[in-house]
Amino acid sequence: DWAFLTNHALVLASIAKKRDQTAREIGDDVGVTERTAHKIILDLESEGYITKTKVGVKNRYRIHPNLPIKSSDGAIGELLEVMGWKRRKKPQ
């Protein structure tokens, strides 16, 4: 069994759809365990693709779309836009 996108890309896409999900909700959306989703979130955070902020009992994620995709010349925001993500306008 194989897929075009890695679980890391799928978790990032899930976060792009809804920024305040729990690791369990992200795992359910992607089809991985909560533990696996949590590990992937930590990977994405340590590599700088996302920033996690605690809001009450939940986390809110911010995506950094200008970072390059590993092993590619494209930016992560470009991949997410192809998948339907819309950039939020920066507050002025």
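Buried here means under 20% relative accessible area. By that yardstick, and bearing in mind that this is a predicted model, helix 2 (residues 23-30) has Ala-23, Ile-26, Gly-27 and Val-30 as its buried residues. Looking down the axis of helix 2, these buried residues stay within an arc of 100°, so they line one face of the helix. That fits the usual geometry: an α-helix has 3.6 residues a turn, so residues three or four places apart point the same way. The buried residues of helix 2 pack against helix 1 (7-17), helix 3 (34-46) and strand 2. On the face turned away from this buried side sit the exposed residues Arg-24 and Asp-28. Just past the end of helix 2, Gly-31 adopts a positive phi of about 95°.

Next comes the strand pair. Strand 1 (residues 50-55) and strand 2 run antiparallel and are joined by six bridges. Within this pairing, Lys-52 stands opposite Tyr-61 in strand 2. The hairpin made by strand 1 and strand 2 has two residues between the strands, and here Gly-56 takes a positive phi near 65°.

Beyond strand 2 (58-63), the loop leading to helix 4 (76-82) holds Pro-65. Pro-65 counts as buried because its relative accessibility is 15%, against a cut-off of under 20%. Setting aside neighbours within four places in sequence, Pro-65 touches Ala-75, Ile-76, Gly-77, Trp-85 and Arg-87. As for Leu-79, its C-alpha lies 9.0 Å from that of Pro-65, with the two residues 14 apart in sequence.

How values were computed
Residues numbered from 1 in each chain as written. Predicted model: local features only at pLDDT ≥ 70, side-chain atom pairs only at ≥ 80, totals over all residues. Heavy atoms only, no water. Helix = DSSP H or I, 4+ residues; strand = E, 2+ residues; numbered from the N terminus. Buried < 20%, exposed > 50% of the residue type's maximum accessible area, 1.4 Å probe, protein only. Contact = heavy atoms within 4.5 Å. Arc of directions from axis to C-beta. Pairing = 2+ DSSP bridges.
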